[in-house]
Amino acid sequence: MECAEPDCTRSAAVELHIPWAENRHVCAAHARVLGQQDGVVADPHPESGPDLLEDSS
Ligand SMILES: [Zn+2]
């Protein structure tokens, strides 16, 4: 599956749960950006490998 953001062709690695919109599947880079918004929960796909979002912990 590809990242849902326009003009991004990376593989989706994370499902974003967005309270005001449909859930979307995005790459790790976009998940970092979009996941900063209040209420958004980033749910990494288990099959995409560990630790994609770990740099903020
Ligand atoms: Zn992307």
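**View 1. Side chains alternate along β1 in this predicted model.** V14 and L16 point to one face of β1 and are buried. E15 and H17 point to the other face and are not buried. The general pattern fits: in a regular strand the side chains alternate between the two faces of the sheet.

**View 2. The whole chain holds one helix and three strands.** Read from the N terminus, the order of elements is β-β-α-β. The chain has 57 residues, and 18% of them count as buried. Contacts can also be sorted by sequence separation. Of those between residues at least 6 apart, 30% join residues at least 24 apart.

**View 3. Three strands make an open sheet in the order β2-β1-β3.** The pairing is antiparallel. β2 and β3 stand at the edges, and each has a single partner strand, so one side of each lacks a neighbour in the sheet. From one strand to the next, the twist averages 30 degrees. In general, strands of a sheet pair through backbone hydrogen bonds, either parallel or antiparallel.

**View 4. β1 and β2 form a hairpin.** Six residues lie between the two strands. β2 covers residues 24–26 and pairs with β1 in the antiparallel sense. Three bridges hold this pairing in the count. Across from E15, in β2, stands H25.

**View 5. β1 also pairs with β3.** β3 spans residues 41–44 and runs antiparallel to β1. Four bridges join the two strands. E15 has D43 as its bridge partner in β3. L16 stands opposite A42 of β3. E15 thus appears in both pairings: opposite H25 in β2, and bridged to D43 in β3.

**View 6. Nine residues make up the largest nonpolar core.** The members are C3, A12, A13, V14, L16, V26, C27, A28 and A31. Two elements, β1 and α1 (28–34), give two or more residues each to this core. V14 and L16 are the buried side chains of β1 shown in View 1. In general terms, nonpolar side chains tend to be buried together in soluble globular proteins.

**View 7. C27 sits in the loop between β2 and α1.** Is C27 buried or exposed? C27 counts as buried because 21 C-beta neighbours lie inside 10 Å, and the cut-off for burial is 20 or more. C27 touches C3, C8, R10, S11, A12 and A13, leaving aside residues up to four places away in sequence. C3, A12 and A13 are also listed with C27 in the largest nonpolar core. C27 and E15 are 12 residues apart along the chain, and their C-alpha atoms are separated by 8.7 Å.

**View 8. D7 has a positive phi.** The value is near 65 degrees, in a residue other than glycine. Most residues other than glycine have a negative phi. Where is D7 found? D7 lies in the segment before β1 (14–17). D7 is exposed, because 5 other C-beta atoms lie within 10 Å, and 12 or fewer count as exposed.

Terms used
Residues numbered from 1 in each chain as written. Predicted model: local features only at pLDDT ≥ 70, side-chain atom pairs only at ≥ 80, totals over all residues. Contact = placed C-beta atoms within 7 Å. Core = buried A, V, L, I, M, F, W, Y, C linked by C-beta atoms within 7 Å. Pairing = 2+ DSSP bridges. Axes fitted to C-alpha atoms, helices over the stretch in contact; angles between N-to-C directions.
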